[in-house]
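Work through the exercises below with the structure in view. Try each task before reading its solution.

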Amino acid sequence: MVSPSKPILRVLKGETLKHPPFWLMRQAGRYLPEYRALRERLGGFLDLCYAPELAAEATLQPLRRFGMDAAILFSDILLVPQAMGQKLWFEPTEGPALTPIRTRQAAAALQVAGLTERLRPVYRAIGLVAAALPPETTLIGFAGAPWTVATYMVEGRSSRDFAKVKEWASSDAAGFDVLIEQLVEATSVHLSAQIAAGAEVVQLFDTWAGIVPPDDFDRLVIAPTRRIIERVRRGHPDTPIIGFPRGIGSLYQRYFIETGVTALSLDATVPLDLARVLQSRGPVQGNLDPVVLVAGGSALDEAAGKILAALRDGPFIFNLGHGVLPETPLEHVARLSTLIRTA
Ligand code: CP3
């Protein structure tokens, strides 16, 4: 095989680059005026996700301004439950809403068959982005990990205490595992279809991994992630898979070893000395606090400088510890890009 020339693919093969490549979680979205204009033109967020030309346009917008080394497909983790038959809508100010699924029967009735037909516009958007990208830029596909997607499916919206999903997962483990297994299958199919359409890397977002009780961590986080990775690799053995198990603290090491992810995306609470230990196992990505990107100024310069100094001597992709916040000033993103490029 020819060695890949794209910086992100090289890092994901384990190379240490002189200048670390970068991209930002949630790099498309409301902090960009051109995204807000696109949204206004179309109305709903979901309409945008299902319009291939416009989703491709939203994907490319941040790259035109800041020249990131990767494009992440403009889409959402909740398209998977929707494609399985759960009702999904977005409230203008409150975020996602779903008709909750709280029984084994309802979980069993979800449909994985036909999922790739329903998500065809997503794969078409990937094809359009792949054709438009500069040759050195990597295209990243993604999905939510089963636990994180299940929190939205069971709570019916973003939650503060996750009471309903935790209650179901603990009081009826066998019933809840039906839901997790459905999601393992759907997620494997969706990621594989994204790779077939042109995604060169995929990332699994486990945004709420950090609230799983330690005794359930294997069952709800590690095992489903490992099964997805095994299934995706059966068809696509060479595609790197990045895991983002946000907020799992001391469990990052186990997650890295036991799931088989290619690289680890670290949240902003991970101390840089631990990040270096993790990096001795494989590539890491992260982990600037998105709030520091909002703050800017010397706080941004110092925090970015420390991350670069700690992690640049191993395989490293600069990123945030979570998604770009809508109130982030554009100049701060430009400044960060300069700091990384000139490091
Ligand atoms: O730029 C990118 O990173 C690509 C696109 C992307 C979106 N969502 C677009 C989006 C990605 C990778 C996601 C992942 C996602 N979606 C996650 C995991 C990562 C994370 O941020 O924790 C989660 C939990 C969701 C579910 C979701 N989607 C929520 C809770 C919300 C409402 C809160 C919010 O940020 O607005 C969304 C909406 C959403 N997804 C928007 C975008 C651009 C905003 C929609 C809009 O109003 O235009």
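The model is predicted.

**Exercise 1.** Find the strands that helix H14 lies across, and give its angle to E8.

Solution. Locate helix H14 at residues 272–279. It lies across E7, strand E8 (284–288) and E9. Now take the direction: H14 runs at about 170° to E8.

**Exercise 2.** Do the same for helix H13, with its angle to E7.

Solution. Helix H13 covers residues 252–259. It lies across strand E6 (241–245) and strand E7 (263–265). Its angle to E7 is about 145°.

**Exercise 3.** Write down the strand order of the open sheet and name its edge strands.

Solution. The sheet has 7 strands, in the order E1-E4-E5-E6-E7-E8-E9, and the pairing is parallel. Strand E1 (70–72) and strand E9 (316–320) pair on one side only, which makes them the edge strands. On average, neighbouring strands of this sheet are turned by 25° against each other, direction ignored.

Next, look at E1. It runs parallel to strand E4 (residues 138–144), joined by 3 bridges. Ala71 has Leu139 in E4 as its bridge partner.

**Exercise 4.** Check the length of helix H8 (residues 120–132) against its expected span.

Solution. Count 13 residues at 1.5 Å a residue. The expected span takes one less than the number of residues. That gives 18 Å. The end C-alpha atoms are 19 Å apart, so the two values agree. Buried residues of H8 include Val122, Tyr123 and Ile126.

**Exercise 5.** Decide whether Lys13 is buried or exposed.

Solution. Lys13 sits in the loop between helix H1 (7–12) and helix H2 (33–42). Its relative accessible area is 53%. Exposed means over 50%. Therefore Lys13 is exposed.

Definitions and conventions:
Residues are numbered from 1 along each chain as its sequence is written. This is a predicted model: local features need pLDDT of at least 70, side-chain atom pairs count only at pLDDT 80 or more; totals for chains, interfaces and linings use all residues. Side-chain values use heavy atoms; hydrogens and water are left out. Two strands pair if DSSP finds at least two bridges between them. Helices (H or I, at least four residues) and strands (E, at least two) are DSSP runs, numbered from the N terminus. Axes are lines fitted to C-alpha atoms, for helices over the stretch in contact, and angles run from 0 to 180 degrees between N-to-C directions. Contact means heavy atoms within 4.5 Å. Buried means under 20% relative accessible area, exposed over 50%, partly exposed in between (1.4 Å probe, protein chains only).
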